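Trainee: Got a minute to go through this one with me? I'd like to start with the helices and then move on to packing.
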Amino acid sequence: MNFGREFEALVLVLGKMKEQYVQFKETLVKQRMAIIANNTTELAEILTQIEGISENINRLDARRSYNSDVLAHNADLKEVTIREIVKAYPEFNGEKLESVSLELKKEVMEVKKISASNAELLEISRSIIRETMKTIMTQNTDPRDRAYRTYGNSGAYSRTVRREPVHLVNRKG
């Protein structure tokens with residue numbers, strides 16, 4: 001088995017993964033803009049793009065895992081890390097592999113940060129919608145009615161002024 005080819009394939013796979021994560025980051029920035037603009041059609045398109053990118057990343061990650069395992073098995077490594085693989089194969093260009101690996105880690109961290117921020121924005125948007133719907137659907141009486149209550153000796157109250165329900169959907173005038 002040609003381990004030089006496996007080593008180069010690992011560098012190539014990590015480079016392609018980095019490209020996919022850069023594309024993922026750009027898509028997440030678009031998603032953030034769509035969330036802020038409340039553009040649901042664009043959000044649906046972006047979700048389709050995100051699914052495609054995720055599938056590509058998963059496929060590349062499986063290939064990365066295979067290449068790493070082959071190289072680690074050949075060198076009898078207990079830990080399958082990039083650093084250990086570079087140490088085990090000094091005859092290959094380990095600096096290139098380490099630099100691509102570090103760039104990939106940086107992109108992954110940025111994607112995670114943007115993704116968490118987008119999830120928080122979505123949750124804020126949902127809570128605003130939830131509170132708006134709650135206000136629209138549950139407000140049946142005018143809060144000023146409390147000012148017109150009179151209490152009897154038994155603790156019960158009666159309204160001194162009669163008001164119609166002021167449900168926001170059925171509001172008159």
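Trainee: How many residues does helix 2 have, and how far does it reach from its first C-alpha to its last?
Mentor: Keep in mind that this is a predicted model. Helix 2 covers residues 40-74, so to speak 35 residues, and reaches 51 Å, close to the 51 Å expected at 1.5 Å a residue.

Trainee: Which residues of helix 2 are buried?
Mentor: Leu43, Ile46, Ile50, Ile53, Ile57 and Leu60 are among them, and further along come Asn67, Ser68, Val70, Leu71 and Ala72.

Trainee: And what covers them?
Mentor: The cover includes helix 1 (3-37) and helix 3 (82-88).

Trainee: Is Ala44 buried or exposed?
Mentor: Neither. Ala44 sits in helix 2 and has a relative accessible area of 43%, so it counts as partly exposed. Its C-alpha is 9.7 Å from that of Ala34, which is 10 residues away along the chain.

Trainee: What happens just after helix 2?
Mentor: Asp76 takes a positive phi there, about 55 degrees.

Trainee: Let me step back. What is the order of helices and strands along the sequence?
Mentor: The pattern is α-α-α-α-β-β, with 4 helices and 2 strands in the protein.

Trainee: What share of the protein is buried?
Mentor: Buried residues make up 28% of its 173 residues. As for contacts between residues at least 6 apart in sequence, 64% of them join residues at least 24 apart.

Trainee: Now helix 4. What span should it have, and what does it have?
Mentor: Its 45 residues should span 66 Å at 1.5 Å a residue, and the end C-alpha atoms are 65 Å apart, so the two agree.

Trainee: Which of its residues are buried?
Mentor: Gly94, Leu97, Val100, Ser101, Leu104, Glu107, Val108, Val111, Ile114 and Asn118. Helix 1 and helix 3 are included in what covers the buried residues of helix 4.

Trainee: Glu107 caught my eye. Why does Glu107 count as buried?
Mentor: Its relative accessibility is 9%, so Glu107 falls under the 20% cut-off. Leaving aside neighbours within four places in sequence, Glu107 is in contact with Lys18, Tyr21, Val22 and Lys25.

Trainee: What about Lys96, buried or exposed?
Mentor: In between. Lys96 is in helix 4, and its relative accessible area of 43% makes it partly exposed. Lys96 and Val86 are 10 residues apart in sequence, with their C-alpha atoms 9.8 Å apart.

Trainee: On to the core. Which residues touch the most other members of the largest nonpolar core?
Mentor: Leu14, Tyr21, Phe24 and Leu97, out of 28 residues in that core. Helix 1, helix 2, helix 3 and helix 4 (94-138) each give two or more residues to it, and helix 1 gives the most, with 11.

Trainee: What is Leu97 in contact with?
Mentor: Without its neighbours within four places in sequence, the contacts of Leu97 are Phe7, Leu10, Val11, Leu14, Ile82, Ile85 and Val86.

Trainee: How many aromatic pairs are there?
Mentor: The count comes to 5. In one of the ring pairs, Tyr21 and Phe24 have their centres 6.4 Å apart and their planes at 50 degrees, so that pair is tilted.

Trainee: Where do Tyr21 and Phe24 lie?
Mentor: Both are in helix 1, 3 residues apart, about one turn of the helix. An α-helix has 3.6 residues a turn, so residues three or four places apart point the same way. Tyr21 counts as buried at 15% relative accessibility, and Phe24 does at 13%.

Trainee: Which residues do ring pairs link into a cluster?
Mentor: Phe3, Phe7, Tyr89 and Phe92.

Trainee: Last topic, pockets. How much space lies in the largest pocket?
Mentor: About 220 Å³. It is lined by 13 residues, and Leu14, Arg64, Ser101, Leu104 and Lys105 are the closest to its centre.

Trainee: Which helices supply at least two residues of that lining?
Mentor: Helix 1, helix 2 and helix 4. Helix 4 gives the most to the lining, with 4 residues.

Definitions and conventions:
Residues are numbered from 1 along each chain as its sequence is written. This is a predicted model: local features need pLDDT of at least 70, side-chain atom pairs count only at pLDDT 80 or more; totals for chains, interfaces and linings use all residues. Side-chain values use heavy atoms; hydrogens and water are left out. The expected span of a helix is 1.5 Å times one less than its number of residues. Buried means under 20% relative accessible area, exposed over 50%, partly exposed in between (1.4 Å probe, protein chains only). Contact means heavy atoms within 4.5 Å. Rings of Phe, Tyr and Trp (its six-membered ring) pair if their centres lie within 6.5 Å; planes under 30 degrees apart count as stacked, over 60 as edge-to-face and the rest as tilted. A nonpolar core is a set of buried Ala, Val, Leu, Ile, Met, Phe, Trp, Tyr and Cys residues joined through side-chain atoms within 4.5 Å. On a 1 Å grid over the protein atoms alone, a cavity is a set of points where a 1.4 Å probe fits but cannot get out, and a pocket is an open set with protein on both sides within 12 Å along at least five of seven lines; lining residues have an atom within 4 Å of a point. Grid points are joined across faces, edges and corners, and a volume is the space filled by probe spheres set on the points.
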